[in-house]
Amino acid sequence: RHRHKEKWATTAPRIPATRLALHHFDMNYSLHLKELWPSVRVGLLCEQKYGALLNNFSGVDHVTQELEVLNATDFISEASQKAQLLQCGATAKETGRGESMCQEGSGEGRTVMHAESVMHTETSTQRHASISSNIKCYTFPRGDITRFRPARPDMLGLLDYYLMDAASLLPVLALNVQPDDFVLDLCAAPGGKTLALLQTGVCGHLTANDVSMSRTKRLHQILRSYVPKEIRETVSVTSCDGRDWEQVEGGTFHKVLVDVPCTTDRHSVMEQDNNIFHKRRTKERQMLPMLQLQLLMAGILATKPGGEVVYSTCSLSPLQNEYVIERAIEIAETEFNISIRVEDLSHFRMLFQGTFSFFSDCRLGELVLPHLTANFGPMYFCKLCRM
């Protein structure tokens with residue numbers, strides 16, 4: 001007589017997007033990273049480490065001294081010096097080998113051996129020549145969790161440095177911009193990588209594009225805060241859908257950076273706002289690899305023959321990383337008759353292992369893993385050459 005029905009909630013309890021993201025990563029990355037996942041997971045859930053990208057357009061001498069007193073070092077300068085030592089060692093080794101062969105051989109055979117030696121030396125030199133000494137970024141040593149002070153303006157109102165995940169500079173360094181290159185940053189906002197490209201001081205022309213008008217405003221704000229007016233006026237800021245870029249300006253750039261929208265793994269496990277793991281964004285998240293593929297294809301088609309593209313994400317997901325690269329290479333060949341060569345970036349692992357933790361089992365490209373002692377990343381990057 002006193003029985004009653006239990007009242008059921010009309011809606012299921014809301015699970016925070018951050019928890020959904022972590023559950024998704026536990027399911028997938030534990031299979032991909034295996035025994036490395038527990039330490040990477042801890043890194044993702046702890047405070048991110050930053051680097052201070054020095055603004056060459058501001059007076060930075062006193063800033064350099066200030067940071068060095070705090071025991072911060074320019075990790076790019078250190079890698080550049082390491083690369084030079086490796087080049088010198090390789091050149092000396094090849095020269096010695098060439099001389100030895102010359103003494104043993106004679107005539108035509110000697111010429112061929114010497115040519116091979118020179119070619120090998122040049123290849124070795126080129127392999128380590130992609131570290132721009134013009135870009136300066138200070139980081140604290142492994143295990144040091146000191147925070148940088150906020151950036152300050154100089155007498156002209158330009159801020160002295162830009163705080164960013166130092167691993168975000170690796171795709172820019174991999175792009176290896178040369179004097180007078182026409183460069184496209186296809187998904188440029190909020191502007192850290194665009195600013196780094198300008199710090200090289202060698203771009204013949206830089207186009208910075210982002211589909212979002214609000215994010216493009218943020219890009220303009222960054223440029224105004226860090227770059228003198230006469231330099232800003234050489235940058236074309238556009239707000240096009242990057243997927244349609246080939247229709248706007250195809251085959252015109254020497255270098256293209258394609259830093260695509262992704263699951264932004266660190267943000268997804270730490271922040272509720274604008275989280276792609278919100279239930280209402282499920283479809284958008286599922287479509288990410290397709291969007292990334294379309295943007296990469298647009299980047300390839302925007303590049304001149306012989307030009308180079310660097311693809312990057314801040315995700316650990318192979319579906320958003322290697323699989324996108326493999327599919328783009330296939331489509332370029334079958335649908336556009338374009339041959340793509342994947343560049344070997346393994347020397348980045350050697351040059352930057354003192355600053356970052358790298359995943360050694362990437363099939364294509366390189367991947368920086370978050371780690372408590374060096375809590376940068378995740379950052380995936382892969383370099384392609386359009387033949």
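Reader: What share of the contacts with a separation of 6 or more is between residues 24 or more positions apart?

Author: This is a predicted model. Take the contacts in the protein whose partners have a separation of 6 or more. Among these, residues 24 or more positions apart account for 77%.

Reader: How many helices and strands does the protein have?

Author: Both kinds of element are present in this model. The count is 15 helices and 13 strands.

Reader: What percentage of the 387 residues count as buried?

Author: A residue is buried when its relative accessible area is under 20%. Apply that to the 387 residues of the protein. The buried share is 47%.

Reader: Which residue does UniProt list for "active site", and where does it lie?

Author: The UniProt entry is unreviewed, and for "active site" it lists C314. Strand β9 covers 303–313, and helix α14 covers 322–336. C314 lies in the loop between β9 and α14.

Reader: Is C314 buried, partly exposed or exposed?

Author: The relative accessible area of C314 is 27%. Buried means under 20% and exposed means over 50%. The value for C314 falls in between, so C314 is partly exposed.

Reader: Which residues is C314 in contact with, leaving aside neighbours within four places in sequence?

Author: Contact here means heavy atoms within 4.5 Å. Neighbours of C314 within four places in sequence are set aside. That leaves C262, T264, D265, P378 and M379.

Reader: Is S312 buried or exposed?

Author: S312 is found in strand β9. Its relative accessible area is 0%, and the cut-off for buried is under 20%. Therefore S312 is buried.

Reader: Which side chain makes a polar contact with that of S312?

Author: S312 is in contact with several residues beyond its sequence neighbours, including K193, D259 and M379. One polar contact joins two side chains at 2.6 Å. The partner of S312 in it is D259.

Reader: How far apart are the end C-alpha atoms of α1?

Author: Helix α1 has 17 residues, 17–33. At 1.5 Å a residue, α1 should span 24 Å. The distance in the model agrees with that: 22 Å.

Reader: Where is the kink in α1 centred?

Author: The kink in α1 is about 30°. Its centre is D26.

Reader: Which elements help cover the buried residues of α1?

Author: The buried residues of α1 are A17, T18, A21, L22, F25, Y29 and L33. Their cover includes two helices and a strand. These are α2 (37–45), α11 (265–270) and β12 (366–369).

Terms used:
Residues numbered from 1 in each chain as written. Predicted model: local features only at pLDDT ≥ 70, side-chain atom pairs only at ≥ 80, totals over all residues. Heavy atoms only, no water. Helix = DSSP H or I, 4+ residues; strand = E, 2+ residues; numbered from the N terminus. Buried < 20%, exposed > 50% of the residue type's maximum accessible area, 1.4 Å probe, protein only. UniProt positions renumbered as here; feature names shortened; annotations may be inferred. Expected span 1.5 Å × (residues − 1). Bend = angle between axes of the 7 residues up to and from the residue. Polar contact = N/O pair within 3.5 Å; in protein donor to acceptor, adjacent residues only side chain to side chain.
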